[in-house]
Structures are given as structure tokens and as C-alpha cells.
Amino acid sequence: MQLLPLAPDGVTPVRALTIAGTDSGGGAGIQADSRTMALCGVHACVAVAAVTVQNTLGVSGFHEIPPQIVADQVRTVVGDIGIGAAKTGMLASTAIIEAVAGVCREVGIGRDGDIPLVVDPVAASMHGDALLHAEALDAVRHTLIPLATVVTPNLDEVRLITGIDVVDDASARKAAEALIALGPRWAIVKGGHLRTSEQSTDLLFDGEVFHELPARRLSTGNDHGGGDTLAAAICCALAHGYSVPDAVAFAKEWTFHCLEASYDLGAGHGPVSPLWRLHLDRK
Ligand code: PXL
């Protein structure tokens, strides 16, 4: 695949910022984001919003970082290091979402600023464990998503946010329209919907044109961190100045390779892995 360029000046890589939760099992969240960014050749800055207690079997608890500390991490990084794009993942509560939205507007992160923002509206783990308080859904809809350059919900998150159950192409289009009505520049409806199909087609929509992005379906029980990886790879490509459709196309291909390279871990779901990228160099 076509990879992202390394340091444009030959010295300092492009930087991206993830604002998200940690995963003690190392599979998803900030660990997946920073691993993806590193192997995409992007320096990862991190603003920790929550610390989860989890292994491959599930999430048994989480601790929220005080909202002001989350916002301060963003402000201090943008002011000194400078970033090309940002991504949000698990934000847990209304208070954290409001603090993050406030600092993003202040420093120019988001659809109307200079720094593109990927919003992955994380609500639950793949085991169904909550990563977002139910009271925060309104803030996701009306405070976070309107800031997004691109929003990347999975089908469960689409249902929670829009109330639409995506079962076919028509409902996927309806869901994309409902997401765009909330105010992001672009919305992706990820293609888990036609489960009988050999293709996994994502729908990308900007309010005008539906872009269908097909990919080969790959079934693996080890897909922990897949959504985070896709959103982080989009963020890396945006940091390099790609358009949203080009960034999503890059990220889909990247994530497909990461799914192919996923591995068994613990007694539960193993992670998708960008470590294939290291082996590529040896070929
Ligand atoms: O994959 C979504 C996700 C995001 N962030 C954290 C997670 C998970 C899934 O478990 O734990 C911290």
C-alpha cells in the first residue's frame, strides 16, 4: 500500500493528538492510537481523558481525569509542539466533552479551525461495557459531533446517536444524513451492515455526495481496537494534509492490514496490530 511520508523535513515527524482513554490491556484506546500513529510515522501526543481497568475479557472499571486537566493537556501540547490533526475517543462524561469542545474551539481544532478533528464517538467496549455515561449522549450529539471534520461511529454508536438501525444500504444512507444533520463536515457509516456480503462497504457522506468505499471483509475474533485504529489512521493522513476521502481510503487499507496481523492475546479478544508495518521493511 501507499504509506504516509515520514518526516517531511527529514528530521521532525508530523504530529497528531489523541484525546481518549487508556486501555491497560494495550489493545484499544490511547494505546491503539499511539501505536497506529507511531507506525504511520506520526509523532503521537496524548491527552488522557480516562483510565480504564481492562484486559482481553472486558472493562471492569474506569477513572475519569478531571475535565480541566484534560483540557490543559490539549492546550499545552498545541501551544508548544503544534499538531496537524486531532482525534477524540473515549471521553466518558458530559463534563469532559464540554471541556474538550471548549479547548478545541479555543486552539483551532475542529471543522471550522485550522486543525482537522476526527471524532470517534466511543460509547462501549466490544464486550458491551459502558465507556460513556448515558447522560453524556446529548453532549456527544450536540457539543462534540458538530465540531468534527469527520465522525466515525460504529453501528451500535449510530443507533445510540441517531436512533437508526442500519440493516441495508437505504438505512445506512438515512443514518449518514442524520449524522450530517448534527453538524460534522463528513460522516462515515462503517460497513458492518451487510453481514452476508463478502465486501465491507463504508459509506462516507458530506451532505451532498455519498462515497461508497468497499473493502474485502475479513472476519477475525481478534479485532479489539479496530475502530480506534481506523480513526487514528484517518487522523494521521489528515495531519499530512490528505483530503477526507483520501484519508479514509488510506485508513481503510491500513486497518485491513492491521486486521490481517491481529493476534491471540489473553483469554478474550486479541488486538488488531500495526506491527505488520515493521515486517514490510524486511521484505
Ligand atoms: O475501541 C473503543 C475503545 C476506545 N477506548 C478505550 C477502550 C475501547 C474499547 O474497549 O477501552 C479506552
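Guide: Helices H1 and H7 are oblique to each other. Keep in mind as we go that this is a predicted model.

Visitor: At roughly what angle do the axes of H1 and H7 cross?

Guide: The axes of H1, residues 29–39, and H7 cross at roughly 40° and come within 9 Å. Angles under 35 degrees count as roughly parallel and 65 to 115 as roughly perpendicular, so this pair is called oblique.

Visitor: And which hand does the crossing of H1 and H7 have?

Guide: That crossing is right-handed.

Visitor: What can I read from the way H7 packs with H8?

Guide: Take the angle and the spacing together. H7 spans residues 226–239 and H8 spans residues 244–260; their axes lie 8 Å apart, at an angle of about 140°. This makes H7 oblique to H8, because an angle must be over 145 degrees to count as roughly antiparallel. H7 passes H8 in a right-handed crossing.

Visitor: Is the H2 and H3 pair roughly parallel or roughly perpendicular?

Guide: Begin with the angle again. The axes of H2 (residues 67–80) and H3 (residues 94–107) cross at roughly 20° and come within 8 Å. H2 is therefore roughly parallel to H3. Their crossing is right-handed.

Visitor: Let's turn to the ligand. Which residues are around it?

Guide: A shell is read as a list of residues with a heavy atom within 4 Å of the ligand. Here that list holds Gly21, Thr22, Ala28, Gly29, Thr52, Gln54, Met90, Val122, Ser125, Leu131, His224 and Asp228. The protein buries 92% of the 310 Å² that the ligand exposes when taken alone.

Visitor: How many residues of each class does the shell have?

Guide: Sorted by class, the shell around the ligand has seven polar, four nonpolar and one charged residues.

Visitor: Which strands each supply at least two residues of that shell?

Guide: Strand S1, residues 15–23, and strand S2, residues 43–55, each do so.

Visitor: What about polar atoms: how far is the side chain of Gln54 from an oxygen atom of the ligand?

Guide: For such pairs, check the distance between the two atoms. A polar atom in the Gln54 side chain lies 2.5 Å from a ligand oxygen atom. Asp228 also has a side-chain N or O atom to look at, 2.6 Å from an oxygen atom of the ligand.

Technical notes: Residues numbered from 1 in each chain as written. Predicted model: local features only at pLDDT ≥ 70, side-chain atom pairs only at ≥ 80, totals over all residues. Heavy atoms only, no water. Polar contact = N/O pair within 3.5 Å; in protein donor to acceptor, adjacent residues only side chain to side chain. Areas by Shrake-Rupley, 256 points an atom, 1.4 Å probe, with all protein chains shown as cover. Helix = DSSP H or I, 4+ residues; strand = E, 2+ residues; numbered from the N terminus. Nonpolar A, V, L, I, M, F, W, Y, C, P; charged D, E, K, R; others polar. Axes fitted to C-alpha atoms, helices over the stretch in contact; angles between N-to-C directions. Left-handed = near helix turned anticlockwise from the far one by under 90°.
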